[in-house]
Each structure stands twice: as structure tokens, then as C-alpha cells.
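I opened this notebook to keep track of what I looked up, one topic at a time.

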Amino acid sequence: MVSTQAQTGAGTQQDSLWGDAPYPALVADAQGAVVLRNRAADVLLPGIRPGTLFADAVPAWLSAAHDALRTPGSRTAQEAGTPVTGVIGERTFEAHSSVRDDGTVAWWLVDDTDHLLAQKALRMERKRTAFLSEASSTLLSSLNLGRCMDVTAELAAEHLADAALVIAPTHGRRLPVVTCLRGGSPVLSHESVDPNDVPGLGEALRGFPPVPSRWIDPSAAPVWMVPEGFGPVGSIVITPLPGHGVPAGALVLLRRSGGAAFTDSEEVFARLFAARAGAAMSAARLYAEQTSITDVLMRELLPPSLHQISGVDYAGGYRPSADHERIGGDFYDVHPAAVEGEASLVTLGDVCGKGLEAAVLTGKIRNTLHALLPLADDHQRMITLLNTALLNSHHTRFATLVLASAVREGNAVNLRLTSAGHLTPLIVRTNGAVEEAQTRGTLVGAMPDAPARTTALTLAPGESCVLYTDGITEAEGGPMGGVQFGEERLKRVLSECVGMPSESIVERVQMLASQWVGKGRHDDMAVVVISAPRTHHLSAVNGHTRGRFTA
């Protein structure tokens, strides 16, 4: 049965397409002959006339649905309103049926092309959004520039093209290029080429907008850009990889000849992907640069390796706090005498706080003390000038400090020790006794004056002077936890180190303090040992190496 609207062809918003009817409609009788059709059906199915067999007038998919509807046992599904879908011409239609008791069937055809295209576009956008989200997570999971380039090339080759190239800005006269075929592994090469010879590449590396792919002749692609075994190139996209302020590189997408060329929407999507990849590569490059700068600065701030100077043994050890810092507020230095036979200057100190801010002040103190070396014979003068320099700076932190001047005379080592608010140096004698050096003073950088008292003593062969920071004595741990290592325990440890080389004493103190702390948190730990060797120096090495000794 056909509705009045279908029979009369009442006008609707689709009149412009189907004439005076909302949908193409036609009716076939029980024998399968067309008995009615509206004007829309005439337009859609030219030549359809009353009396024409339905199977001869409609596409095969609609004829099959009509036959199934007339087959016993099949009518229930169609009567339930289940539509069928098929193509007529270049458009997609949804066919709805209505069956009368006498076997007459009415069909309405609804153009579903735009709806299906919208659904397809929505699925594609969802797929692309999921890909961009996954790509962002993968790219940002590493701050290694090489890894970011590899991942970018792999993702682009897998999802956007048959092959992809990620090209970084020129390194010297060579272009770093990562090439990846779909299903393959990325390969790094360095090409000695001029990017301006490739249309759009030089501009992309300078961060200019991309050149449309239709402007690029695929046959003009240089040999270095086409992966081995790829074959003729059918389409090329070159787009910049934008970074943070400066271009991160360029992305090149290749498709083989014979395949579909890049569409405008695919080029836009490639630029969206390139923006994320460029941000990740830029972040990785920035991280690498900052890491390099930090390493250079840290090498300057870390305490030096100590050795024997002018017949006096020196050894030092430093362990930063448990906050994963490589540098901190503890420091030490040994400054050899400018003239052979004069005293070398040892400095060990502890800046209030820890981490990078404390390390910056540590560097300033070390540089200031180095500049004051001409006054090394006058400890009090050096401390006073350092105190003035710290008070006049923008830093609000203070520091404790101990100065030690050491010179070898015969088999012994003469020491002068001055503490500026620091822990008392400990002297390890050959009989196992551990003495406190009689020096006291005021910390630097806190008050206008920093008076200190200097003491002089002598180390016999085999005796040592131990300078240390409070990270050793205040280290908390032990069997029950929460107990400080303490000065008395340190003295007992040192009493067992009689006659040991300075390096061994440092290692022993560090080992026991570390065992005491375990995995707990601790402050920076620094220790310096000055020893008078048990042997006589024989080698002529200007006093700046370990040399050779005999009993």
C-alpha cells in the first residue's frame, strides 16, 4: 500500500532532488509487477513503468530484498521494519518496505549517502584523535632526541605514508636524517646535501609553512631521500616540525607510485602530527642542552680528586645528600704552594642548606678563597675578607669553614688549623689516640666580624688530621634507626685507622657512615684526610705526584 503522500508526491525540502516527493516510492503486486511509482522513483530509476517486473526495474540488492520479503517465513523480519541498504548510481539508499495482506509491497527509498559519509568521517576523526593521543604519549615518554626522531619516523611510516624521513636541522655541513619504511626499523644517516635543492625542504627546516604536495614533483625526489628498494615515488608531503621558538626539523612523507596521492585532509592531519612530534623533539633537544650545561657546571662544582703534594698525603671523599643531587653545600679543595717548600692550603666547608642553591654559594666561596691564596699564610685575614664578601652579596646563607696549611719538614708534617664555626679537626696519633685540634671560630656570612683562633701542631710519620662535615656525625640510622653516628663513634672508628694510608681512612669513614644510614635520608658528607707518610720521599717529581718511597 502506498501512502497518499507517496501517491500524490507531496512536496518537501527534497523537492529539488526528487521533484514533488520526499522519497522515491514504488509499489509491486503479489506477482512482482510494478503497479505504482511516484515522480521521485521516475527520476531515480529511469524507464520504470507500471507492469514492469520489479526485478527488471531495480538494482539486484533491492530485488533480492523484495524476493526475500515474498518468500514464506521471511516476511516477519521485513514487517518488523528492518531496512536494507544498497547503492543506486553513486549514492547509497536505505530501503523500507510495507506489505499488505494481498501481497502488495510498497518500497520507500531514503538517500543515506550524506549520513554514511558523516559516520565515516566521524570514525576517521576518532581514529585520528586516538592516534594523535597515542603518538603524543609515546613521543613524550622519552627525552632522548635520537629516540624521538626514531619514534616519529616509525609512527609516520606506519600510519601516514609508505615511508617517512625525519630530518633535523643541519649539524655542521651534514643533515641528520632518520629514514623508516612501513613495517621496518628506523635508520640514521648523515647526508652532505643542500636542503634548498629539494622544493619545500629548506623552507620547512627554517620553520616556514609547508608547500602543498601538488606543487612537488615526485620524480624530482633526490636519491638520498628515497629509501633503497622503495621504487618510484608517487606523492610527497614535506612539513615542518615546529619547536619551542626554533624549528625542530622537517617531516617528509612518501607514497609509492600507483597508490593514492595525499589528500588535503591528510596533509592537514600530517601537520597536526608534525606539531606534536616537533614539540617532543624540541623538548628533547632542550633537555640535552640543559643536561650538557649542567654537567659542565657540576664538573666545576664537584670536589676535586686529591693526591700527594710535596710529600704530604691528601685524600678526600664526598657523598651528596639522599635527595638525588650530584652537588650540594659541602666542599673541599687543596691548593698547592706556589713555591716549593712552602705550605699548601686545604679548605673544607659546609654551606647552610643543600642542593643547587647551596652549590652556587659553594662555588662562590671556593672562587673567593682561590682569589685570596696570596694571603694563605694569614688564616684570619682570609676568613675576614671572605666574611665581608658574603655579607655584601645577595645570598642570605652562611657557611662554616676550616683552613689547614700543611708543609713537610723532614719526615713530619707541620700543620696550622683554623676553624670558622666548623667542627673541630681530629688528629689520629700513632698510639691510637684521637685528639681534638684546639681551634675555634665564628661562622662566615652571618655577622660583621668572624674571629677565629689558629692552632699549630705536628704530624709524625703515620699520623693524620681528619677534616669532616656534620653530614658524617649527624647521619641518622643504626640498628634501631634514628640514632646519630656521632663524634664519639667517629673517634672510635679513627682510632682503628692508625697507620692507614689517607685514602683508606677516607674509605673507612665513608663506608661505616653509609652503613649506619642505610637507605635513610642524610645530609651531604665530606671528609678530607691529611697524613704524614711513614716513608722517605726519593723520587724527583716536583712534589706533585705520588712519587716513589722507601722505608
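The entries below go through a sheet, its neighbouring helix, two further helices and the cysteines.

**Entry 1, the sheet.** I kept in mind from the start that this is a predicted model. I looked up the strand order and found an open sheet of five strands, β8-β7-β6-β10-β9, with antiparallel pairing. At its edges stand β8 (187-191) and β9 (233-241), and because each has a single partner strand, one side of each is left without a neighbour in the sheet. From one strand to the next, the twist averages 20 degrees.

**Entry 2, two strand pairs.** I then followed the pairing at both edges, recalling that strands of a sheet pair through backbone hydrogen bonds, either parallel or antiparallel. At one edge, β9 pairs with β10 (residues 249-256) in the antiparallel sense over eight bridges, and here I noted isoleucine 236 opposite leucine 254 in β10. At the other edge, β7 and β8 run antiparallel and are joined by five bridges, with proline 176 standing opposite histidine 190 in β8. The hairpin of β7 and β8 has five residues between the strands, and in this hairpin glycine 183 takes a positive phi near 85 degrees.

**Entry 3, the helix on the sheet.** Which strands does helix α8 touch where it packs on the sheet? I found that α8 (residues 145-159) touches β6 (163-167), β7 (175-181) and β10, and that its direction makes about 40 degrees with that of β7.

**Entry 4, helix α11.** I checked the length of α11 (residues 356-371) against expectation: at 1.5 Å a residue its 16 residues should span 22 Å, and the end C-alpha atoms are 23 Å apart, which agrees. I also looked up burial along α11, where the buried residues include Ala358, Leu361, Ile365, Arg366 and Leu369.

**Entry 5, serine 136.** I located serine 136 in helix α7 (residues 113-140). From serine 136 to phenylalanine 273 there are 137 residues in sequence, yet their C-alpha atoms are 8.6 Å apart in space. The side chain of serine 136 also makes a polar contact, at 3.5 Å, with the side chain of arginine 276.

**Entry 6, the cysteines.** How many disulfides are there? I took a disulfide to be a pair of cysteine sulfur atoms within 2.5 Å, and by this rule the count is zero. I looked at burial as well: cysteine 148 is buried with a relative accessible area of 1%, and cysteine 465 is buried with a relative accessible area of 0%.

How values were computed: Residues numbered from 1 in each chain as written. Predicted model: local features only at pLDDT ≥ 70, side-chain atom pairs only at ≥ 80, totals over all residues. Heavy atoms only, no water. Buried < 20%, exposed > 50% of the residue type's maximum accessible area, 1.4 Å probe, protein only. Pairing = 2+ DSSP bridges. Axes fitted to C-alpha atoms, helices over the stretch in contact; angles between N-to-C directions. Contact = heavy atoms within 4.5 Å. Expected span 1.5 Å × (residues − 1). Polar contact = N/O pair within 3.5 Å; in protein donor to acceptor, adjacent residues only side chain to side chain.
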